[in-house]
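Hi everyone, thanks for coming. Today I'd like to walk you through the hollow spaces in one structure and then the ligand. Let me put it up on the screen.

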Amino acid sequence: MAEFSPLTEATVAAYLASRPELADLVDPASVEATEIGDGNLNLVFRARDRSGRSLILKQALPYLRAAGEAWPLTIERAAAEARAYEAATALSPTSIPEFHGYDAENHILAMEDLADWTVWRTALDAGEIHSGAEVELGRYLARLYMGTGVMGLSGPAFAEADAESSNPALCRITEDLVFTEPYTEYVDTTGRRAGIPQYFPEISDLVAELRADQDLLDGVSDLKYEFMTRHEALIHGDLHTGSVMVRRGQEARPTGALTSEGGGRVEAKAIDGEFCFYGPIAFDLGALFGNWLLALGRARALGRTEQAVWLETLPSAAFEAFSDEYWRLWPDRVDQSFSDGFARRRLGEIEAAAIGFGGTKAIRRLIGFARTTDIDTLGPDERGPAAEFVLRTAARWVTGRHSLRVSEIMAVAR
Ligand code: SR1
Ligand code: MG
């Protein structure tokens with residue numbers, strides 16, 4: 001195997017020159033590169049030429065960027081991300097950045113530069129409202145479900161795609177960080193989490209209470225089992241608000257838009273698909289629900305009423321968009337023997353599982369490694385109560401997922 005060679009700002013131009021298929025997109029002779037990666041895992045370079053054209057190169061490192069070389073991680077995750085973009089390009093091209101191809105030898109993806117877009121979590125933290133992003137994402141997930149599962153592929157094609165998309169190292173991270181570690185006191189024997197506490201001290205008593213709640217632990221076990229065994233579609237696998245870019249178009253402001261929205265249609269694109277694998281589609285829906293709950297905790301703590309009211313509508317609106325697209329695509333299923341009654345029941349099961357996964361995804365961002373800014377960056381007087389609101393709501397989602405409807409989940413804690 002060739003020795004791994006990481007790109008640097010200085011080597012990007014030469015690298016681009018070695019990929020002639022990208023020559024129409026950016027001029028290697030005048031390119032300047034900047035490393036802009038701020039995630040947990042990879043190197044990300046923006047390459048911009050003298051005429052202002054640009055693209056993104058993303059390279060997997062053989063370890064986890066957030067933890068350093070103490071935490072080795074397969075570079076094959078870049079191939080998984082390429083698969084995610086290829087599937088979405090075929091099924092829902094507006095839902096991802098334009099994909100310009102994958103260099104398997106160097107584990108580098110080339111893609112559209114979303115320079116004037118914002119990471120959704122950053123926008124949410126700033127109090128912004130991007131109404132309509134949730135609809136794009138709901139449709140995107142329905143298209144993945146219908147296109148990559150057995151409604152879109154014959155049995156043998158589905159089995160092959162499932163096998164080819166296996167992503168055990170990244171799934172293991174999710175199993176540990178989402179479903180296991182939040183519920184135990186983590187003892188670091190590897191040096192990987194050096195100096196990173198699992199949670200902030202104001203919530204110690206609540207963490208102990210949750211870890212002693214047998215209904216919650218049973219629900220989390222059910223959901224972990226569902227995550228590990230339900231291979232139904234090529235899901236994104238890590239669809240939190242840091243994996244979504246949003247932008248507001250420049251057209252006139254829509255009638256009835258919320259006051260802080262500004263003008264133009266909102267667009268949303270999913271990025272960072274390296275966790276993709278054949279798994280439960282409800283996990284992606286739940287990732288969105290859980291991260292909107294974190295944003296709601298922040299909005300309430302900061303007295304941002306308008307944003308909080310809007311955030312409360314997002315799970316229903318996303319699930320409605322998912323359901324509408326699901327039923328739109330249903331008549332074209334490749335195997336017509338699947339009945340309408342089955343489809344109705346499956347949708348109900350997806351709703352319940354998404355609520356439960358949403359709970360686990362919110363909890364893991366407050367208890368564990370790889371926490372997020374929503375609550376952690378609030379002031380010392382605000383973050384304890386905000387975390388308690390999120391954690392208690394999230395626990396109810398897990399334990400009550402079979403009786404709750406998506407339309408009520410944001411109001412559960414009121
Ligand atoms: C160990 S990687 C930490 C987290 O970053 C990614 O975004 C995933 O959510 C993962 O759990
Ligand atoms: Mg990511």
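Let's start with the residues that line the largest cavity: Ala-84, Ala-87, Ala-88, Tyr-140, Leu-144, Leu-234, Ile-235 and Cys-276. Please keep in mind that this is a predicted model.

What is the character of that lining, by class? The lining of the largest cavity has eight nonpolar residues, with no polar and no charged ones.

Where do those residues come from? Three elements each supply at least two of them: α2, spanning 77-91, α4, spanning 133-148, and β9, spanning 233-235. Of these, α2 gives the most, with three residues.

As for volume, the largest cavity comes to about 30 Å³. How many cavities of 30 Å³ or more does the structure hold? The count is one.

Now for the pockets. The largest pocket holds about 1100 Å³ of space. Its lining runs to 47 residues, and those nearest the centre are Asp-38, Gly-39, Gly-242, Ile-271 and Asp-272.

By class, the lining of the largest pocket divides into 21 nonpolar, 12 polar and 14 charged residues. Set that beside the cavity, where the lining has no polar and no charged residues.

Several elements each bring at least two residues to the pocket lining, among them the strands β2 (42-48) and β3 (54-60) and the helices α6 (168-180) and α11 (340-364). The largest share, four residues, comes from α6. You'll remember α2 from the cavity lining; α2 also supplies at least two residues to the lining of the largest pocket.

So where does the ligand go? Ligand 1 sits in the largest pocket. Around ligand 1 you'll find Asn-40, Leu-41, Leu-64, Trp-71, Ile-173, Leu-177, Asp-238, His-240, Phe-275, Arg-364, Arg-365 and Ala-370. Sorted by class, that shell has seven nonpolar, two polar and three charged residues.

For those of you who like contacts, let me point at three side chains. In Arg-364, a side-chain N or O atom is 2.7 Å from an oxygen atom of ligand 1. Asn-40 has a polar side-chain atom 2.8 Å from a ligand oxygen. With His-240, the distance from a polar side-chain atom to an oxygen of ligand 1 is 3.4 Å.

How much of ligand 1 does the protein cover? On its own, ligand 1 has 320 Å² of accessible area, and the protein covers 95% of that.

That's my tour, and I'm happy to go back to any part of it on the screen.

Terms used. Residues numbered from 1 in each chain as written. Chains lettered and ligands numbered in written order. Predicted model: local features only at pLDDT ≥ 70, side-chain atom pairs only at ≥ 80, totals over all residues. Heavy atoms only, no water. Near = heavy atom within 4 Å. Polar contact = N/O pair within 3.5 Å; in protein donor to acceptor, adjacent residues only side chain to side chain. Areas by Shrake-Rupley, 256 points an atom, 1.4 Å probe, with all protein chains shown as cover. 1 Å grid on protein atoms, 1.4 Å probe; cavity = no way out; pocket = protein on both sides within 12 Å on 5 of 7 lines; lining within 4 Å. Sits in = over half its atoms within 2 Å of the grid points. Nonpolar A, V, L, I, M, F, W, Y, C, P; charged D, E, K, R; others polar. Points joined across faces, edges and corners; volume = space filled by probe spheres on them.
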